[in-house]
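Reader: I would like a close look at a single part of this protein. Please take one helix, follow what surrounds it, and keep it brisk.

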Amino acid sequence: MNEQILTRARLVLDDEVVWGTLVIRNGRIREIDLAPCRLSTAIDCEGDYLLPGLVELHTDNAEKYFQPRPKVAWPRRQAALAHDSQMAASGITTVFDALSIGDVDEQSMRHDSLKAMHDAIVGIQQEGLARVDHRIHLRCEVSHPDTLSNFRALADSPLLGLVSLMDHAPGQRQFVSLEAYRAYYQGKYELSDADMEIYLERQLANSARYSNTYRRTISAEARTLGLALASHDDATLEHVAESHEYGMRIAEFPTTREAAEASQRNGMAVMMGAPNVVRGGSHSGNIAATEMIGLGVLDILSSDYYPAALLDAVFKSAQIEQGYSLPRAVASAARQPAQAVGLTDRGRLAQGLRADLLRVQTVDDHPILKRAWCAGRQVH
């Protein structure tokens with residue numbers, strides 16, 4: 001029998017924070033006691049917080065390891081393991097690795113490396129090399145010509161659990177303003193005025209030809225497979241109504257208060273970016289996540305492009321004026337994302353659940369991850 005006892009910890013439960021002891025046995029939480037344990041084998045947490053491991057639904061962090069610089073492909077197993085280590089060090093014990101199907105950048109290596117990234121992540125998970133629990137999230141760019149065929153090629157992935165539908169074409173969702181779109185992508189890809197016009201026309205044509213058909217078809221096929229579905233960058237009531245009609249469970253990064261509130265009314269869990277919380281606003285000028293917290297509309301936090309932001313945002317959400325309680329803030333990065341994708345065995349400190357745990361010390365109100373366990377095994 002493999003047993004660990006963690007005592008004198010501040011346990012973050014569903015609705016309260018209590019002093020007590022937690023027992024891990026054979027990878028599960030077997031007991032929670034509100035008294036200290038005096039056994040010599042118990043680990044003294046010295047008043048540190050004990051949280052459930054964080055559940056990340058949308059991070060494209062893995063891609064940075066597979067392609068650390070433009071045109072540079074890294075050996076795939078090493079890339080997957082380096083990404084895995086960063087997840088563990090960020091307190092993320094369950095991660096849905098977001099792999100992009102389709103890209104607005106025609107020079108991107110995403111298309112060519114898609115299967116290699118997928119196979120590497122599946123490989124380290126199935127071979128027992130991963131520190132944390134990896135799942136696959138397919139980010140489907142519905143305005144790309146090859147998106148439907150590439151989705152179907154990966155739809156039988158053993159780790160696939162989440163599909164999101166997005167359209168980064170000009171005039172759509174994140175870029176309703178053509179001028180904002182032109183300014184962003186012309187600067188990003190260093191295009192001349194003439195090249196930018198060609199690029200703009202091509203993206204508009206692709207969106208008109210593929211977006212509606214692919215959005216409808218992929219959502220129907222994902223529902224048939226029992227996969228969780230997410231919308232992306234919804235901005236209007238019409239966007240939300242369409243997402244609801246197609247069976248979306250999660251509203252990723254709605255760009256307006258109107259869309260966020262409507263998504264929640266329609267039963268979708270509203271996801272916002274942890275970097276948005278940490279920085280105090282959106283880097284692209286959309287609605288601030290802290291405003292959504294004040295309104296009680298933010299359900300799920302995602303680290304998005306910066307893994308360490310997730311734990312930071314949990315504690316900041318509990319510190320801002322009109323913020324969440326610490327248990328509710330923790331739930332937004334653990335219990336609620338887990339429930340949104342049908343994982344009922346994790347995301348909470350409760351008897352019988354997986355022992356995915358974090359020991360966290362605070363220094364000047366900033367969280368410092370001291371230990372992390374995934375299914376009872378210390379991974380950080």
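**Charges, then helix α11**

Author: The chain carries 39 positive and 49 negative side chains. The centres of these two sets lie 6 Å apart. Keep in mind that this is a predicted model.

A little more on the whole chain before the close-up. It holds 13 helices and 16 strands. For 380 residues, a compact globule would have a radius of gyration near 21 Å, and the chain agrees, because its own value is 21 Å. Along the principal axes, the C-alpha atoms fill a box of roughly 75 × 45 × 40 Å. Buried residues account for 56% of the 380. The accessible surface is about 16200 Å², and carbon and sulfur atoms supply 46% of it. Now take the contacts between residues at least 6 apart in sequence. Of these, 66% join residues at least 24 apart.

Now the helix. Helix α11 spans residues 309-317. It is mostly covered, with 8 of its 9 residues buried. The buried set is Ala-309, Leu-310, Leu-311, Asp-312, Ala-313, Val-314, Phe-315 and Ser-317.

Start with Leu-310, which lies in α11. Its relative accessible area is 0%, so Leu-310 counts as buried, the cut-off being under 20%. What does Leu-310 touch, leaving out residues up to four places away in sequence? The partners are Leu-54, Glu-56, Ile-92, Ala-274, Leu-301, Ser-302, Ser-303 and Ala-333. Leu-54 is 256 residues away from Leu-310 along the chain, yet their C-alpha atoms are separated by 8.0 Å.

Next, Phe-315 in the same helix, α11. A search of the whole structure finds 2 aromatic pairs. One of them joins Tyr-49 and Phe-315 edge-to-face. The ring centres are 5.6 Å apart, with 65 degrees between the planes. This pair links distant parts of the chain. Tyr-49 sits in strand β5, residues 49-52, and is 266 residues from Phe-315. Both partners are buried: Phe-315 has a relative accessible area of 4%, and Tyr-49 has 14%.

Look next at the loop that leads into the helix. Asp-304 is placed in the loop between β13 (300-302) and α11. Its phi is near 55 degrees, a positive value in a residue other than glycine. Why remark on that sign? Because most residues other than glycine have a negative phi. Asp-304 has 16% relative accessibility, so it counts as buried.

A second aspartate makes a useful contrast. Asp-365 lies in the loop between β14 (357-363) and β15. Phi of Asp-365 is near 70 degrees, again positive in a residue other than glycine. Is Asp-365 buried or exposed? At 55% relative accessibility, Asp-365 counts as exposed, whereas Asp-304 is buried.

From that loop, go on into β15, which covers residues 366-374 and holds Trp-373. Trp-373 is buried, because its relative accessibility is 1% and the cut-off is under 20%. Leaving out residues up to four places away in sequence, Trp-373 touches, among them, Gln-4, Leu-6, Ile-24, Leu-50 and Thr-93. Its contacts also include Ala-355, Asp-356, Leu-357, Leu-358 and Arg-359. Gln-378 and Val-379 are on the list too. The C-alpha atoms of Trp-373 and Ala-88 are separated by 8.6 Å, although their places lie 285 residues apart along the chain.

Back to the helix to finish. α11 is mostly covered. Leu-310 touches Leu-54, and Phe-315 pairs with Tyr-49.

Technical notes: Residues numbered from 1 in each chain as written. Predicted model: local features only at pLDDT ≥ 70, side-chain atom pairs only at ≥ 80, totals over all residues. Heavy atoms only, no water. Helix = DSSP H or I, 4+ residues; strand = E, 2+ residues; numbered from the N terminus. Rg over C-alpha atoms; globule rule 2.2 N^0.38 Å. Buried < 20%, exposed > 50% of the residue type's maximum accessible area, 1.4 Å probe, protein only. Contact = heavy atoms within 4.5 Å. Areas by Shrake-Rupley, 256 points an atom, 1.4 Å probe, with all protein chains shown as cover. Lys, Arg positive; Asp, Glu negative; His and termini not counted. Charge placed at Lys NZ, Arg CZ, Asp CG, Glu CD. Phe/Tyr/Trp six-rings, centres within 6.5 Å; stacked < 30°, edge-to-face > 60°.
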